[in-house]
Amino acid sequence: MPYTTITPAEVKPVANYKLATRMEGGRLLYIAGQVARDAEGEVLGKGDIRTQARQVFQNLRNVLQAAGGDLSDLLKITTYITNIEDFPAVAEIRSSVFPGELPASTLIVVKRLAQPELLIEVEGMAALD
Amino acid sequence: MDRRDILADNPVEKRRGYMPGVSVSPGRILFTAGMTGRLPDGTIVPGGMAAQTQRTMERLQAILQHAGANFSQVIKQLLYITDMEAHAAHGRAVRAGFFGEARPTSTALGVRGLADPAMLIEIELVVDLPDSPTAKPLLEKYNVENHGLDFYQGVIVNGGRLIYLAGQVANNPDGSVAGVGDWKRQAEKVYENIGHILRTAGATTASAVKETTWVLDIASWRQHGTAVRRAFYQGDYPASTLVEIQGLARPEFLVEIEVIAAVAR
């Protein structure tokens, strides 16, 4: 975990995430936006935000592990969803995936993702030893 | 340098033209502004998605060439697209022609609007530059066109420590929202929060490398937010991207701004 968590006294996050991280060394990993596709490229959980969110975070973890890291190495994530009504379910699943504090985090509601069936996409950067 | 392409055990991105992950030992990293099909006179190139994508990629190529780089060194591309079907039909092949066999990580977003209503696509890149950062200034901010706008088209970080800020909103420490319905007050609060975070991280406003501004309404942001932004950066701008989106974490939030900054090792 070659990074420092930045904790200013004057600012509080909206939820349980880091306000900023500073990379102190190691390798910088960029992760493509992860969506709820399985190994065959099929979209899982059509119309089901919970199934999609679980798959997305599993895919994110798979990439981190393939690079020799894990979720705790993330500097920042961005969560893109297509319906703000899905956010409570996403937040709940995300909190179970990150038992402690989330990395620095951004949430954006977009018009759509690469395919109309996709309800959530998560991208991130990590600092690896 | 020392790029490693990361393929997960379940390569969900198989045959999709991008990499699940790319890691580098960060020596010199280039961040580009979001680029579009803008012409030198400020208008958007005619001809729709294919022409705009072509123009956008040519402009990005010029930014890469200025840094001595090419598309094979791109580690991340972010696509902001107002019409996904048009992009799939007419834009993707144009982009593929520039990337050739190169595979960056990628995120493609369907957004409500870009800086000009005629814009159909905007693309930004993160690039791993091959040469050594030794004996270079921490930040190299540059333009390849005389665009006269408030951002740099490329910013190179030479051997610095990157700082990734969470997207900042007009959030008070007690959890309440500053400036409900008030664009100017929200802009002030967001930049106040960013300023505090940068200072705590040992950085200044001049340390900002890349900025993404997500707004619910671009016209309102122009009218009320731009002056606040100008006062914050005082001419020492980052590379930047402005995007109009559908919503943020709370209905009261009108704008969210995320910043990447860098300080010396």
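User: In this predicted model, which residue is the bridge partner of Leu29(A) in E2(B)?

Analyst: The model is predicted. Strand E3 (residues 27-34) of chain A and strand E2 (residues 21-24) of chain B run antiparallel and are joined by four bridges. Within E2(B), Leu29(A) has as its bridge partner Ser23(B).

User: What is the strand order of the open sheet that holds both E3(A) and E2(B)?

Analyst: The sheet has six strands in mixed pairing. Its edge strands, each pairing on one side only, are strand E5 (104-109) of chain A and strand E1 (4-6) of chain B. Neighbouring strands are turned by 15° against each other on average, direction ignored. The order is E5(A)-E4(A)-E6(A)-E3(A)-E2(B)-E1(B).

User: At what angle to E4(A) does helix H2 of chain A run?

Analyst: Strand E4 (residues 74-81) and strand E6 (residues 120-128) of chain A pair antiparallel over seven bridges, and in E6(A) the partner of Leu74(A) is Ala126(A). Helix H2 (residues 87-97) of chain A packs on the sheet and touches E4, E5 and E6 of chain A. The angle between its direction and that of E4(A) is about 155°.

User: Which strands of chain B are the edge strands of the open sheet E5-E4-E6-E3-E8-E7?

Analyst: This sheet in chain B is open, with six strands and mixed pairing. An edge strand here pairs on one side only. That applies to strand E5 (105-110) and strand E7 (139-142) of chain B.

User: Which residue of E6(B) stands opposite Arg28(B)?

Analyst: Strand E3 (residues 28-32) and strand E6 (residues 121-129) of chain B run antiparallel, with four bridges between them. Opposite Arg28(B), in E6(B), stands Leu129(B).

User: At what angle to E6(B) does helix H1 of chain B run?

Analyst: Helix H1 (residues 48-66) of chain B lies across E3, strand E4 (74-81), E6, E7 and strand E8 (154-158) of that chain. Helix H2 (residues 84-99) of chain B lies across E4, E5 and E6, at about 155° to E4(B). For H1 the angle to E6(B) is about 25°.

User: How much area do chain B and chain A bury between them?

Analyst: The size of an interface is often given as the accessible area lost when the parts come together. The contact takes 67 residues from chain B and 55 residues from chain A. Of the buried area, 57% is on carbon and sulfur atoms. The area itself is about 4900 Å².

User: How many salt bridges does the rule find across the interface of chain B and chain A?

Analyst: The rule asks for a side-chain nitrogen of Lys or Arg within 4 Å of a carboxyl oxygen of Asp or Glu. Glu24(A) and Arg161(B) satisfy it, with N to O at 2.9 Å. Over all chains the count is 23. Across this interface the number is five.

User: Which element gives the most residues to the side of chain B that touches chain A?

Analyst: Across the interface, 27 residue pairs are in polar contact. The residues on chain B's side divide into 36 nonpolar, 18 polar and 13 charged. With six residues, the element that gives the most is E5(B).

User: Why does the salt bridge of Glu124(B) and Lys210(B) tie together parts far along the sequence, and how many residues apart are they?

Analyst: The closest N and O atoms of Glu124(B) and Lys210(B) are 3.0 Å apart. Glu124(B) is in strand E6 and Lys210(B) in strand E10 (residues 208-215) of chain B, so the parts tied together are separated in sequence by 86 residues.

Notes
Residues numbered from 1 in each chain as written. Chains lettered and ligands numbered in written order. Predicted model: local features only at pLDDT ≥ 70, side-chain atom pairs only at ≥ 80, totals over all residues. Heavy atoms only, no water. Pairing = 2+ DSSP bridges. Helix = DSSP H or I, 4+ residues; strand = E, 2+ residues; numbered from the N terminus. Contact = heavy atoms within 4.5 Å. Axes fitted to C-alpha atoms, helices over the stretch in contact; angles between N-to-C directions. Buried area = accessible area lost by both parts, 1.4 Å probe. Polar contact = N/O pair within 3.5 Å; in protein donor to acceptor, adjacent residues only side chain to side chain. Nonpolar A, V, L, I, M, F, W, Y, C, P; charged D, E, K, R; others polar.
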